[in-house]
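Colleague: I would like a close look at one part of this model, the charged side chains that pair with each other. Please take them one pair at a time, then set them against the rest of the fold.

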Amino acid sequence: MPNKLSKKINHERFNRYVKRSSEVGRTDNNGLHRLALSQADKEIRDQLKVWFEQAGLTTTVDDFGNMYGRREGKNPHLKPIVIGSHLDTQPYGGRFDGVLGVLAGLEVVESLNDERIQTERPIIIVNFTNEEGARFPQPMLGSGAITEHFNKSFVYEIQDEKGITFEQALQEIGYVGKEEYRLKEAEYYLELHIEQGPMLERNGKNIGVVGGIQGMDWLEVNVIGEKKSRRTNCDGRPKRCPSEFGAYDLNIV
């Protein structure tokens, strides 16, 4: 008969993971300020590497800084099951947003280790780089890069508000990995995530399946026209103040 995994994880261990993560970049209101490729991000990445090693995982980093912890399966040639998310946060984000997906994957592997169960397929835990897009203005950057939605030059040349490029930031924290380590295939991808809304609670549900995600675009708009004072030069006709009326329309939208 096949081995059966206990239905329960080790809650004490899992809570230790969450607690340690919550200390890195902690804000006064128990949230997190852990922007991608910052020193705080480096600290939690270094900690994740330690956890990977303790769980017996093989750690690799690709050229976008995406981190992988691989647990080998009985058949290493099968496509892996990938579990993960991201450890970077919004400027003042929550303790579980993204973090839960990575640490839950780690606890799954540790629970399998506890039961001495070897899966048929390899399991890979992934921590994607700059998924939030809070520092470098392109969300889901790490995952988008390995799925070839963004090319390498585009990713490397993106700048933060201080003019630091993605490539520079990768180098500064020592997480420039190898292209050969990029995730190339997966049989399944699983990401446990908190709900950022009231629907589960409102419907008395503990868990749901995501059917879609909010799409985001970054736009730069230039409004061209005459520069005039509203009090002295504008008589209310759009023809006299095209830039002002254009900006007014944009604000309404």
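Modeller: R45 and D41 are both buried. This is a predicted model, and in it the side chains of R45 and D41 form a salt bridge, with N and O 3.1 Å apart. The two residues lie about one helical turn from each other because they are four residues apart in helix α2, which covers residues 39-54. R45 is also among the residues touched by L37, a list that includes T129, R135, F136 and F166. L37 in turn belongs with V155 and F166 to the residues that have the most contacts inside the largest nonpolar core, a set of 48 residues. Helix α3 gives the largest share of this core, eight residues.

A second buried pair is R182 and D63. Their salt bridge has its closest N and O atoms 2.8 Å apart. This pair links distant parts of the chain, 119 residues apart: R182 sits in the loop between α6 (166-173) and β5, and D63 in the loop between β1 (58-61) and β2 (67-71).

The third pair is E187 with R121, whose side chains meet in a salt bridge at 3.9 Å, N to O. Here too distant parts of the chain are linked, with E187 in the loop between α6 and β5 and R121 in the loop between α3 and β4, 66 residues apart. Burial is another matter for this pair. E187 has a relative accessible area of 33%, so it is partly exposed. R121 is at 21% relative accessibility and therefore counts as partly exposed, since buried means under 20%. Returning to D63 and R182, salt bridges with shared partners join them with K152 and E179 into one network. In total, the structure holds 14 salt bridges.

The strands named above can be placed through β3, residues 81-86, where five of six residues are buried. β3 runs parallel to β4 (residues 123-128), and six bridges join the two. Within that pairing, H86 is opposite F128 of β4. Between β3 and β4 the chain passes through helix α3, residues 99-115, in a right-handed β-α-β crossover. β3 also pairs with β5, residues 188-190, in the parallel sense and over three bridges. In this second pairing, V82 is opposite Y189 of β5.

Note on methods. Residues are numbered from 1 along each chain as its sequence is written. This is a predicted model: local features need pLDDT of at least 70, side-chain atom pairs count only at pLDDT 80 or more; totals for chains, interfaces and linings use all residues. Side-chain values use heavy atoms; hydrogens and water are left out. Buried means under 20% relative accessible area, exposed over 50%, partly exposed in between (1.4 Å probe, protein chains only). Two strands pair if DSSP finds at least two bridges between them. A crossover is right-handed if, with the strands pointing away from the viewer, the path from the first strand over the helix to the second runs clockwise. A nonpolar core is a set of buried Ala, Val, Leu, Ile, Met, Phe, Trp, Tyr and Cys residues joined through side-chain atoms within 4.5 Å. Contact means heavy atoms within 4.5 Å. A salt bridge is a side-chain nitrogen of Lys or Arg within 4 Å of a carboxyl oxygen of Asp or Glu. Lists of a residue's contacts leave out its neighbours within four places in sequence.
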